Structures are given as structure tokens and as C-alpha cells.
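This report goes through one protein model and the ligand bound to it. Keep the sequence and the 3D view open while reading.

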Amino acid sequence: MAYRLNPVVAELRSSAIRDLLALTRSPDILSLAGGLPAADLFPTARLAELSRTLIDRMPAMALQYGPTEGDERLRAWIADYESARAAARVDPARVVVTAGSQQALDLLARVLAVPGDVVVVEEPAYLGALQVLRAAGALLEAVPGDADGLDVDVLAARLERGLRPAAVYVVTTFQNPTGAVLAPDRRRRLAELADRYGFAVIEDDPYAEIRFEGGPVPPVRRWSDDSVVTLGSFSKTVAPGLRVGWAVLPGRLVTPLTRLKQAADLHTGSLGQALIAELVADAVWWRDHLDQLRATYAARAQALAGSLAEAFGDRLRLGRPRGGMFLWGRFTDGTSSAALLPQALAHGVAFVPGAEFFVGEPDGAAVRLSFATNQPAALAEAVRRLAVAHAAASAPAITR
Ligand code: PMP
């Protein structure tokens, strides 16, 4: 007799982006589809040098088992960074280092929700969060977002009508997929609603430092230390393969989350944490590194946005790139992005149809385009191919 699979897991869908990425590894395809940071911006020389030094001189720190909560030096640095952002002191005891922010999300989903609980997500939403929340058995309630992020008025109205979520999940700055930034007044109101109605806010903020203009926006946590968890990551600022992220937790969540993490993996990899602790300890190097990331991503964002505006004009409405790694667009000429995709692949360019990011009624005209991994010239060529594919897809069928 065949053994049984957990039915929740058996029904999980694979991420459509991951499936698509498998197709786009071909060298003939210029991919605007991936969510990967630029490998040419990884600080490889510095990491190579630091790896050798750490392994030679501090093998116990670099290679031994470590504490579940994370490397002490790194937690202290994260606490200082998060204190400065929120203009309120964060005790390092509230910081847990995780295997990327994705692991923090997985642990939190299980700490905060039991199967059948409602979790609110902004829509369109980060696919990895939808996957993890579904795996935890949460029922997803989508609240729309706009250029200023999650529509807090809509959330407030639903709460007033009786919605009682266990948690609200938002990507606060340069959201994946839309690039939206949750406006400061909405951050404050979201924290107030959390305190009033008794739900946790999971503020996922891996793109906060990849900003092209202006200063940092204070995290939602600034307005409620008790209700808000802030997630951060070194995936976009150093390298995702190191798998180092973090959670800043309200005091009462520290022990339950740490216990779950201990059960899951004992601790996050020691070498990755030690490398990052060394990198960020050099404040001047770190500042220059972030400046270089911002300048490079900003130039790529401009190149992509400029080429798209030239090729499509007002047939493709685009958000303004303010930071992060993605442009979100909507065709205004009736183009279905899902129908365009096979044509685009045939012409050597990939993107992600926006419908993928919806929980409820999808927006069939939307597209997510990543500018992160291609040089400006390649982005211009990708847009040229997309325009040819679009013209081919929208040409009336020849009839005899
Ligand atoms: N949150 C968001 C919004 C993301 O876009 C990503 C990566 N694509 C993650 C979390 C996970 O990042 P990591 O686990 O590498 O920190």
C-alpha cells in the first residue's frame, strides 16, 4: 500500500517563476524574468580574501556549530542598523539570524498561524510568501496595493466588518513585484490597526537599501514594537547564496521562533555569518559598496524604463523605478501578458506575466520586468525583442 503525503504539501504548486527560469537558462534568451540579484556585483575578491583569513585564523568561528540565534557580532550590528532606521533602540536579544528572510517567513508563518487561520497579503504579492503561507495551511485574504503600497483603508474597512487575521504580510519598500513603497502614513496606520485588532505585521524589507533616490523610510516597527516583525536580508546587498537574513522580533516571539529554528536547522551557516559580520564591520567599505550597488541598479532601471517608453509609448504604463530590482507595467492596448509570453520566448526574451502574483482575480495585462542582471545594452536589446514579439502577437491573423 502506498504511503500518504501530507495533503497540504501534496497540493502545493511549484512557483511559476522557478519553472520559467528553467526555460530561460538558454544563452539565446535575454531574461527579464528572474528575481536574482546581479552576480557581477557580488564582492567576490573581498569574500575570497576574508574566507581564507577566517578559515586560517578563526576556524572555530567560521566552521564550528554556532548559537541558534546567530553570530553575536552580526546580531549586534543588525540591532544597531535596525535601531538607527526606526530611531528607537533594538536590543540584540530581539534579533535572530535566519537562512535568508525566506526562512524567517517560514518560521513566522508557523509561529503565528495554525492551519485555517487567515493571513492578509497585499496583492499583487511576493510569490515566495504565498508559497510559505499556503504550506503553513493559512487562508490567504488579498488586499489590493497601489503605488503607495498596501491599501490600508481597504484593510481597515474589512477589519471593521469583522475580518480577524492572525497576521498581515507586506513587502514595505520597493515591493516585489511592483516596486511600490508603503507610504509613511500607511505604515503608521497599519501599526495602529495591528495594535487595535490584535494581529501581527510581518514587514518584509529585503530591498530597503537598493534605493535610487531620497532617504530611508522608517520601518512599520517604528510605530509598534509589540505587533511588528521586521525581516531583512543580505541577499540583495551581498549575495543570496550565503543565505543570511534576519528577523527583529517582539520580545514574546523570540523564544518560540528560536525553538522552531533550532528544530529546523540548529543555526544558520557559520561561515556566511562570519563573512558578513566582517564585511559590515568596515563601515567605509560597506557604505561605498552600497553606493555602487545603488548606482549600478539605478542605471539599469533607467535603461530598461527608457527603452520601454521609447518602444511602447503609452501602450505600456510603467511605475517609476525608485529602487529595488523590478519594473511593473500594464499593457493598455488589450495585450494579454500570458499570451505574449510564448511569442516573447520565441523571440529570445523572457518576462513574468503579472497574473502570477495574484491570489484572487488576476490582472492579465500586467508584467514584471527585472532590470537587475543585465547591462544597459542587453536591456535595450531585450526590449527590442519584446517589441518585435508584441507586434507579432498583436498583428491580425492573415486570412485568405
Ligand atoms: N522577500 C522578498 C520580497 C523577496 O523578493 C525575496 C527574494 N526574492 C525574499 C523575501 C527571500 O530572500 P532571501 O531568503 O534570499 O533573503
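The model is predicted. Strand β13 pairs with strand β14 (residues 366-370) in the antiparallel sense, over 2 bridges. Within this pairing, Val352 has Arg368 of β14 as its bridge partner. The two strands belong to an open sheet of 4 strands, in the order β10-β11-β14-β13, with antiparallel pairing. β10 (316-318) and β13 (352-353) are at the edges with a single partner strand each, so one side of each has no neighbour in the sheet.

There is also an open sheet of 8 strands. Its order is β2-β9-β8-β7-β6-β3-β4-β5, and the pairing is mixed. β2 and β5 (149-150) are the edge strands, and each of them pairs on one side only. Inside the order, β3 and β6 pair in the parallel sense over 3 bridges. One residue to look for here is Val120, whose bridge partner in β6 is Val168.

**The ligand**

Which residues are closest to the ligand? Ser101, Asp204, Tyr207, Ser233 and Ser235 are the closest of the 13 residues that surround the ligand. Helix α6 (residues 100-112) contributes 3 residues, the largest share of this shell. Sorted by class, the shell consists of 4 nonpolar, 6 polar and 3 charged residues.

Three side chains have a polar atom at a short listed distance from a ligand atom, as the table shows.

| Residue | Ligand atom | Distance |
|---|---|---|
| Tyr207 | oxygen | 2.6 Å |
| Asn176 | oxygen | 2.9 Å |
| Lys236 | nitrogen | 3.2 Å |

Taken alone, the ligand exposes 400 Å², and the protein buries 92% of that area.

**Cavities and a pocket**

How many cavities of 30 Å³ or more are counted in the model? The count is 2. The largest cavity holds about 130 Å³ of space. It is lined by 17 residues, of which Tyr81, Glu209, Ser233, Thr237 and Trp246 are the closest to its centre. Two or more residues of this lining come from each of α5 (72-86) and β8 (228-233). The lining of the largest cavity divides into 9 nonpolar, 4 polar and 4 charged residues. Ser233 therefore appears twice in this report: among the residues closest to the ligand and among those closest to the centre of the largest cavity.

The second largest cavity has about 40 Å³ of space. Among the residues lining the second largest cavity are Pro37, Leu41, Phe42, Ser235, Lys236, Thr237 and His289. By class, its lining has 7 nonpolar, 3 polar and 1 charged residues. Lys236 is part of this lining, and a polar atom of the Lys236 side chain is also 3.2 Å from a nitrogen atom of the ligand. Thr237 lines the second largest cavity and is one of the residues closest to the centre of the largest cavity.

The second largest pocket contains about 410 Å³ of space. Its lining has 22 residues, and Ala147, Thr178, Ala180, Gly319 and Trp328 are the closest to the centre. Strands β3 (118-123), β4 (139-146) and β11 (326-331) each supply at least two residues of this lining. β11 gives the most, with 5 residues. The classes in the lining of this pocket are 7 nonpolar, 8 polar and 7 charged. The strands named here come from both sheets: β3 and β4 are in the order of the 8-stranded sheet, and β11 is in that of the 4-stranded sheet.

**Backbone exceptions**

Most peptide bonds are trans, and most residues other than glycine have a negative phi. Some places in this model depart from that pattern. Glu123 and Pro124 are joined by a cis peptide bond, with omega about 0°. Pro124 is in the loop between β3 and α7 (127-135). A cis peptide bond also joins Asn176 and Pro177, and there omega is about 20°. The loop that holds Pro177 runs between β6 (167-171) and α9 (184-197). Asn176 has been named before: an N or O atom in its side chain is 2.9 Å from an oxygen atom of the ligand.

Ala87 is not a glycine, yet its phi is positive, at about 50°. Ala87 is located in the loop between α5 and β2 (95-98).

Technical notes. Residues are numbered from 1 along each chain as its sequence is written. This is a predicted model: local features need pLDDT of at least 70, side-chain atom pairs count only at pLDDT 80 or more; totals for chains, interfaces and linings use all residues. Side-chain values use heavy atoms; hydrogens and water are left out. A residue is near a molecule or strand if one of its heavy atoms lies within 4 Å of it. A polar contact is a pair of N or O atoms within 3.5 Å; within protein, one must be able to donate a hydrogen and the other to accept it, and residues adjacent in sequence count only if both atoms are side-chain atoms. Accessible areas come from the Shrake-Rupley method with a 1.4 Å probe; for residues, only the protein chains shown count as cover. Ala, Val, Leu, Ile, Met, Phe, Trp, Tyr, Cys and Pro count as nonpolar, Asp, Glu, Lys and Arg as charged, and the others, Gly among them, as polar. Two strands pair if DSSP finds at least two bridges between them. On a 1 Å grid over the protein atoms alone, a cavity is a set of points where a 1.4 Å probe fits but cannot get out, and a pocket is an open set with protein on both sides within 12 Å along at least five of seven lines; lining residues have an atom within 4 Å of a point. Grid points are joined across faces, edges and corners, and a volume is the space filled by probe spheres set on the points.
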